[in-house]
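Colleague: Could you take a close look at one serine and its surroundings, then carry on to the charged pairs and the enclosed spaces? Please give the cut-offs as you go.

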Amino acid sequence: MYDLGSTFGNATVAPGTNLLVSGPPLSGKRRMALDVLAHGSERGEGVIVVTTRDSASRVLNDYEALVSDPGSVDIGIVDCVTKHQGRSARDTDIVKYASSPEDMTGIGIKFSEFVEEFRQERGVENVRVLVDSLSTLLMYSDVQTVFRFMHVFTSRIENADAMGVHIIESTAHDDETLNTLQQLFDHAVTVEADGSVSTTIPGATPDPLER
């Protein structure tokens with residue numbers, strides 16, 4: 001089981017679970033998602049972040065600020081931003097680069113490589129995955145394409161007995177788009193503009209977010 005930490009009242013979810021975190025800009029949903037991952041790092045679990053909005057260096061800086069021993073964190077970042085901005089970059093042990101948020105094939109390949117590395121080379125069994133965010137994918141592709149990609153992506157998380165946390169901007173899309181994508185996820189977490197949180201996760205009693 002994956003313990004979600006104090007952010008969600010120490011509720012747990014089964015391996016293979018995928019959560020959708022939705023809310024408007026500046027509501028605190030990204031910090032909530034990172035807190036869930038950081039709780040896993042404190043327990044010796046691995047972390048994979050697929051970032052379509054921020055560079056890997058920004059993600060790493062933000063994440064390391066949340067953990068007690070940054071040097072011990074097993075983390076892999078799939079950066080879909082840096083090359084898209086025209087900057088050259090080579091894959092490292094920590095960062096793998098996709099060409100852009102539109103390159104879903106590349107994103108899937110880099111993610112799968114990290115999953116295999118964590119299991120085979122790093123000996124990490126439990127892995128938490130963050131996708132930030134689905135809204136950026138929808139800027140470059142239509143909802144049917146994103147749905148098909150995320151169907152495969154969430155299935156990979158399920159098959160690996162990992163746990164996925166996926167962020168979407170609730171105010172950037174119509175209800176039909178949101179309802180279509182929500183079908184892919186086991187539980188929903190909704191963050192309102194005032195920081196209040198509601199969720200379908202059994203046993204979870206999240207506190208209002210501080211903004």
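Modeller: Ser133 sits in the loop that runs from β7 (127–132) to α4 (134–140); helices (H or I, at least four residues) and strands (E, at least two) are DSSP runs numbered from the N terminus. The model is a predicted one, in which local features need pLDDT of at least 70 and side-chain atom pairs pLDDT 80 or more, while totals for chains, interfaces and linings use all residues. Numbering starts from 1 along each chain as its sequence is written, and side-chain values use heavy atoms, without hydrogens or water.

Ser133 is buried, with a relative accessible area of 1%; buried means under 20%, exposed over 50%, and partly exposed in between (1.4 Å probe, protein chains only). The side chain of Ser133 comes to 3.2 Å from the backbone nitrogen of Ser135. Leaving aside residues up to four places away in sequence, Ser133 touches Thr52, Arg53 and Ile167, where contact means heavy atoms within 4.5 Å.

Two of these neighbours lead on to other features. Arg53 belongs to a network of salt bridges, and Thr52 helps to line a cavity.

The salt bridges come next. A salt bridge is a side-chain nitrogen of Lys or Arg within 4 Å of a carboxyl oxygen of Asp or Glu, and the structure holds 16 of them. Side chains of opposite charge can pair when their charged atoms come close. Arg58 pairs with Asp54, with 3.7 Å between the closest N and O atoms. Asp54 is buried at 16% relative accessible area, whereas Arg58 is partly exposed at 41%.

Asp91 and Lys110 form another salt bridge, at 2.7 Å from N to O. This pair joins distant parts of the chain, 19 residues apart: Asp91 is in the loop between β5 (74–79) and β6 (95–97), and Lys110 is in helix α3 (residues 104–120). Asp91 counts as partly exposed because its relative accessibility is 35%, and Lys110 counts as buried because its value is 18%.

Helix α3 also takes part in the salt bridge between Lys96 and Glu113, which has an N to O distance of 3.7 Å. Here too the pair links distant parts of the chain, with Lys96 in strand β6 and Glu113 in helix α3, 17 residues apart. Lys96 is buried, with 6% relative accessible area, and Glu113 is partly exposed at 32%. Salt bridges with shared partners tie Lys29, Arg30, Arg53, Asp54, Arg58, Asp62, Asp132 and Glu169 into one network.

Some members of that network return at the largest pocket, which has a volume of about 300 Å³. On a 1 Å grid over the protein atoms alone, a pocket is an open set of points with protein on both sides within 12 Å along at least five of seven lines, a cavity is a set where a 1.4 Å probe fits but cannot get out, and lining residues have an atom within 4 Å of a point. Points are joined across faces, edges and corners, and a volume is the space filled by probe spheres set on them.

The largest pocket is lined by 13 residues, of which Gly28, Lys29, Arg30, Arg31 and Arg53 are the closest to its centre. Two elements, α1 (29–42) and α2 (56–64), give two or more residues to this lining, and α1 gives the most, with four. By class, the lining of the largest pocket has seven charged, four nonpolar and two polar residues; Asp, Glu, Lys and Arg count as charged, Ala, Val, Leu, Ile, Met, Phe, Trp, Tyr, Cys and Pro as nonpolar, and the others, Gly among them, as polar.

There are two cavities of 30 Å³ or more. The largest cavity holds about 40 Å³ of space. Ile48, Phe111, Val115, Phe118, Arg119, Val127, Val129, Ala160 and Ala162 line this cavity. Both α3 and β7 supply at least two residues of the lining, and α3 has the largest share, with four. Eight of the lining residues are nonpolar, one is charged and none is polar.

The second largest cavity contains about 30 Å³. Its lining consists of Val50, Thr52, Ile107, Val131, Leu137, Phe149, Met150 and Phe153. Helix α5 (residues 143–159) contributes the most to this lining, with three residues. Seven residues of the lining are nonpolar, one is polar and none is charged. Thr52, one of the lining residues, is also touched by Ser133.

How values were computed. Polar contact = N/O pair within 3.5 Å; in protein donor to acceptor, adjacent residues only side chain to side chain.
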